[in-house]
Amino acid sequence: MPETPQNINEISRAFANAESAVRIRNFRVACVLAGVFSLAGSSLDIMVYPNHSWEFFKLRLVLVVLLLFIWWLIKTSFGMRIHRLLGLILPALPTFFLAVMIYKTSPSSPYYAGFNLILLGAAIILRWTFVDTMLVSCEVLGLYLAAVFLHGSGGTEDIYGQLSPKAIVSNNVFFVFTTAVFVVIGSYFYNQLRFREFAFRYELDKSKGTLEETNRKLVELDQIKSRFFANISHEMRTPLTLLLGPLEALMQRFEKSFDESSRDLLATMHGNGMRLLKLINDLLDLIRMEAGRMDIKHDPLVVGDFIKGLTSAIRQIALNKHVTVETDVDPQLTAILADRDKLEKILLNLLFNALKFTPEGGSVRLHVEKQKNELVLIVRDTGIGIAEKNLPFIFDRFWQADSSSRRKYAGVGIGLALVKELTEMMGGSVNVNSVEGKGTTFTVRLPCELCAMPAKPQSSGPLPADAGAAGASEEWLASLYRRAELFPAVTATRGKAPPP
């Protein structure tokens with residue numbers, strides 16, 4: 001975000017508010033520390049100035065009472081409003097009492113070191129601004145000089161007998177002044193550093209808030225998109241099934257009455273209607289998975305019969321393309337617990353994808369085996385292969401290697417995305433290996449649990465065309481949806497419709 005005067009003013013106000021909250025908290029801490037060490041200083045009074053120890057102890061008690069009053073006042077609403085003024089008074093109190101002690105003893109008193117402690121400790125804890133640091137430094141230095149000059153240049157209690165009082169005072173003033181200079185300069189750079197750090201965090205939090213708001217809107221848009229797809233898909237599927245029902249009834253009832261051209265025309269209409277129904281069902285499956293409304297079943301499944309049924313279902317399509325289809329099932333695989341419908345969708349999408357991209361004279365092979373606790377499904381073809389640069393994207397939704405309007409192979413990029421998401425939903429994984437011009441191999445790995453052979457024989461594949469009289473029963477709809485899986489984009493039509 002570029003720095004504008006308005007933006008800098010906004011950050012400065014926010015920084016001042018944040019620093020005020022920290023200072024108020026630190027002022028109370030400083031009051032406690034100053035009170036504790038002020039009382040502890042009585043031990044020094046006894047050792048250094050025993051004649052003044054009781055007098056100084058009473059001064060220290062007064063200081064502690066004043067510090068406690070500031071400790072209480074600064075938490076009130078009035079104290080918060082004047083916290084900056086209290087921050088200047090706070091170091092002035094111990095400074096004033098130290099100056100009184102020096103005035104009552106000697107300008108050469110070692111207590112001048114207390115001024116250095118006040119400057120350093122308060123600068124670190126109280127987090128003054130640069131201007132406040134200047135004022136407090138002048139305050140400390142001024143009170144010390146006032147104590148010295150009011151007392152005079154000499155003193156009967158000079159403990160540095162070897163040096164003149166003027167030399168000792170000059171020494172003390174030098175060190176207090178030097179400490180004040182370091183504190184002022186350090187405060188300036190420390191405040192600059194704190195401001196830059198705060199500005200960075202402020203902009204980061206502001207950007208984070210913007211990103212969270214944008215993300216929330218994107219999630220809402222994604223939910224709206226999903227609802228739109230779900231609603232429009234349902235609205236499209238309902239009239240489509242109502243068209244396919246009478247169409248199938250018409251084809252079965254008057255099949256012998258129509259000539260060859262009419263039968264081809266009806267077959268073309270039916271095939272394209274079924275392909276559209278498959279596309280709609282695939283979209284609905286994706287939406288259900290996004291919404292978490294798709295359950296996984298664990299029903300007994302005879303693997304050999306299931307694979308045999310799938311192969312029979314696609315064999316006519318393979319014959320029309322002059323492509324060989326082979327299957328190989330591990331004899332150890334008898335019956336397993338699986339979701340038949342989802343497993344069927346996975347294999348049909350992979351097999352039809354292989355048939356679509358395998359030229360005439362090629363082959364498609366399905367190998368099924370059990371490896372440890374996994375069911376491994378391998379679909380291998382001798383087709384055109386996939387370019388290496390495209391491999392990372394083939395499982396993305398609605399992705400096409402050739403997205404032009406004149407692409408050779410039809411499709412909308414749902415099949416492989418559905419394979420990946422169904423596989424992962426069932427706790428498995430899918431990967432692909434391909435060499436351009438030589439073929440592609442898809443490997444699906446799913447959790448495998450063997451079970452006893454079911455008592456009743458299972459269907460060997462998708463249900464045959466059996467629409468019956470009317471198209472509203474649940475049984476007929478289930479049959480229609482399963483048969484729609486057998487109408488991929490590569491299905492050959494029996495003829496072409498005449499031009500209008």
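## Salt bridges, buried charges and helix packing in a predicted model

R60 is buried, and D45 is buried as well. These two residues belong to a predicted model, and they form a salt bridge in which the closest N and O atoms are 2.7 Å apart. The pair links distant parts of the chain, since R60 lies in helix α3 (residues 53–73) and D45 in helix α2 (residues 42–48), 15 residues apart.

### The chain as a whole

The chain has 500 residues, of which 43% are buried. Its secondary structure consists of 13 helices and seven strands. Among contacts with a separation of 6 or more, 76% are between residues 24 or more positions apart.

### Salt bridges between helices

A search of the whole structure finds 12 salt bridges. Three of them are set out below.

| Residue pair | Closest N to O distance |
|---|---|
| R60 and D45 | 2.7 Å |
| K104 and E55 | 3.1 Å |
| R84 and D132 | 3.0 Å |

The side chains of K104 and E55 meet in a salt bridge, with 3.1 Å from N to O. K104 lies in helix α5 (residues 83–104) and E55 in helix α3, so this salt bridge ties together parts of the chain that are 49 residues apart in sequence. K104 has a relative accessible area of 35% and is therefore partly exposed. E55 is also partly exposed, because its relative accessibility is 29%.

The salt bridge between R84 and D132 has its closest N and O atoms 3.0 Å apart. This pair also links distant parts of the chain: R84 is in helix α5 and D132 is in helix α7 (residues 130–151), 48 residues apart. What is the relative accessibility of each partner? R84 is partly exposed, with a relative accessible area of 46%. D132, by contrast, has a relative accessibility of 4% and so counts as buried. Elsewhere, salt bridges that share partners join E213, R216 and E220 into one network.

### Two further charged residues

E369 lies in strand β4 (residues 363–371). Which side chain of opposite charge is nearest to E369? It is R445, at 6.2 Å; E369 is buried yet has no salt bridge. A salt bridge requires a side-chain nitrogen of Lys or Arg within 4 Å of a carboxyl oxygen of Asp or Glu, so a separation of 6.2 Å does not qualify. The side chain of E369 does make a polar contact of 2.3 Å with the side chain of Q371. Beyond residues up to four places away in sequence, E369 touches D330, L333, E374, L375 and V376.

R194 is found in helix α8 (residues 165–253). Its relative accessibility is 6%, and it therefore counts as buried. The side chains of R194 and N191 are joined by a polar contact of 2.7 Å. When neighbours within four places in sequence are left aside, R194 is in contact with F15, E19, R23, R127 and W128.

### Packing of two helices

Helix α11 (residues 340–356) and helix α12 (residues 415–425) pack at an angle of about 145°, and their axes are 9 Å apart. The crossing of α11 and α12 is left-handed. Which residues meet where α11 and α12 are in contact? From α11 come K342, K345, I346, N349, L350 and N353, while α12 contributes G415, L416, L418, V419, L422, T423 and M425.

Key:
Residues numbered from 1 in each chain as written. Predicted model: local features only at pLDDT ≥ 70, side-chain atom pairs only at ≥ 80, totals over all residues. Heavy atoms only, no water. Helix = DSSP H or I, 4+ residues; strand = E, 2+ residues; numbered from the N terminus. Buried < 20%, exposed > 50% of the residue type's maximum accessible area, 1.4 Å probe, protein only. Lys, Arg positive; Asp, Glu negative; His and termini not counted. Polar contact = N/O pair within 3.5 Å; in protein donor to acceptor, adjacent residues only side chain to side chain. Contact = heavy atoms within 4.5 Å. Axes fitted to C-alpha atoms, helices over the stretch in contact; angles between N-to-C directions. Left-handed = near helix turned anticlockwise from the far one by under 90°.
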